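Reader: Could you take me through one small part of this model up close, and then tell me what sits around it in the chain? I'd like it in plain bench talk.

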Amino acid sequence: THTKMATVPLGFNIDAPRWDQSTFVGRLKHFLNITDPRTVLVPEKELDRAKALVEGCRAGLVPPGSSREQLLYAKKLYDSAFHPDSGEKMNLIGRMSFQVPGGMALTGCMLQFYRTVPAVVFWQWVNQSFNAIVNYTNRNAASPISLRQIGVAYVTATGTALATAVGLNLYTKRAPPLLARWVPFAAVAAANCVNIPMMRQQEIINGVTVTDKDNNELGCSRRAAVKGIAQVVVSRITMAAPGMIILPIIMERLEKFPFMQRIRVLHGPLQVLLCGGFLLFMVPAACALFPQRCSLALADLELELRDSIVAKYGDKVPYVYFNKGL
């Protein structure tokens with residue numbers, strides 16, 4: 001039986017952003033929508049239905065009686081679970097919507113267990129493994145990466161995090177206690193500077209596909225890749241910063257109270273909860289720092305690419321655009 005399909009509501013474009021992506025507030029609303037941790041609990045079947053609905057909508061056909069709200073909710077689920085370049089379903093751990101539950105557990109544990117070297121090594125290793133999955137999942141999917149490169153990237157980033165954490169841990173033994181609590185953040189920041197570029201090295205080596213404003217492909221640019229990845233590094237460090245810098249100050253103060261000393265067993269869960277509070281806002285805010293569709297002035301491109309664009313389009317293309325990943 002062939003189910004009847006209705007046409008899409010007039011003037012409705014499912015891929016048009018609901019909020020102005022050229023402003024920070026517009027991007028913040030967009031990412032609050034797609035990094036909503038509740039979408040992690042949506043069953044696979046419903047995600048597949050959402051994808052079918054979005055694809056149908058793109059083709060101009062939707063089930064009869066589909067309201068605008070249903071279509072927008074399907075798009076929210078689609079954006080939260082499927083890769084923007086390839087349309088493939090992303091693994092659960094790598095999705096931005098999993099950043100709050102995953103990140104709060106890991107950050108809470110790194111902030112709680114910072115006193116001994118084995119604990120530091122273990123939690124930094126777990127965190128870098130999590131980061132490697134997130135970075136691989138959110139890369140610009142047009143640039144394939146080999147298993148060997150993934151392995152090298154993972155080992156280098158984990159090594160950097162551990163060297164920073166253990167080195168600083170030994171160094172801060174004689175420092176004020178608050179400095180020791182900030183070691184996990186220093187390690188996470190240092191590792192991000194290595195993990196993301198290494199995980200996405202193909203983009204830096206071969207360049208990413210750049211397009212004009214109407215999505216016509218113009219070629220590949222390594223400079224565009226470097227700009228996109230640098231913005232992602234800044235975003236990720238910003239995402240972790242408030243929780244990992246402010247929370248230790250709060251805990252340092254709280255732990256002086258007698259009632260807190262009586263409930264030591266609850267310090268870990270309390271840090272995890274407080275981290276969740278920070279990340280709930282910081283994940284979308286950090287993703288929104290820069291537009292996902294990144295732009296680069298023609299003048300900043302590699303010479304050959306710039307010449308080929310000018311030869312073909314003259315001065316009609318002042319900027320090129322590309323997906324920077326998350």
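Author: Let's start with one pair of residues: Thr 211 has Glu 217 of strand 4 as its bridge partner. Keep in mind that this is a predicted model. The pair belongs to a bigger pattern, since strand 3 covers residues 208–211 and strand 4 covers residues 217–221, with four bridges joining the two. The two strands run antiparallel, and together they make a hairpin with five residues between them. Have a look at Asn 215 while you're there: this turn residue has a positive phi of about 70°.

Now for the spans that UniProt lists. An unreviewed entry there gives residues 228–251 and 272–291 as "transmembrane region". In the model, residues 228–251 come out as 100% helix and 0% strand, and 35 Å separates the end C-alpha atoms. Residues 272–291 are 80% helix, again with 0% strand, and their end C-alpha atoms are 30 Å apart.

You may also be wondering about the cysteines. Searching the whole structure turns up zero disulfides. Cys 193, for one, is in no disulfide: the nearest cysteine sulfur belongs to Cys 287 and is 17 Å away, whereas a disulfide would need the two sulfur atoms within 2.5 Å. As for surroundings, Cys 193 has a relative accessible area of 42%, so it counts as partly exposed. Cys 57, on the other hand, has a relative accessible area of 6% and is therefore buried, the cut-off for that being under 20%.

Conventions: Residues numbered from 1 in each chain as written. Predicted model: local features only at pLDDT ≥ 70, side-chain atom pairs only at ≥ 80, totals over all residues. Heavy atoms only, no water. UniProt positions renumbered as here; feature names shortened; annotations may be inferred. Buried < 20%, exposed > 50% of the residue type's maximum accessible area, 1.4 Å probe, protein only. Pairing = 2+ DSSP bridges.
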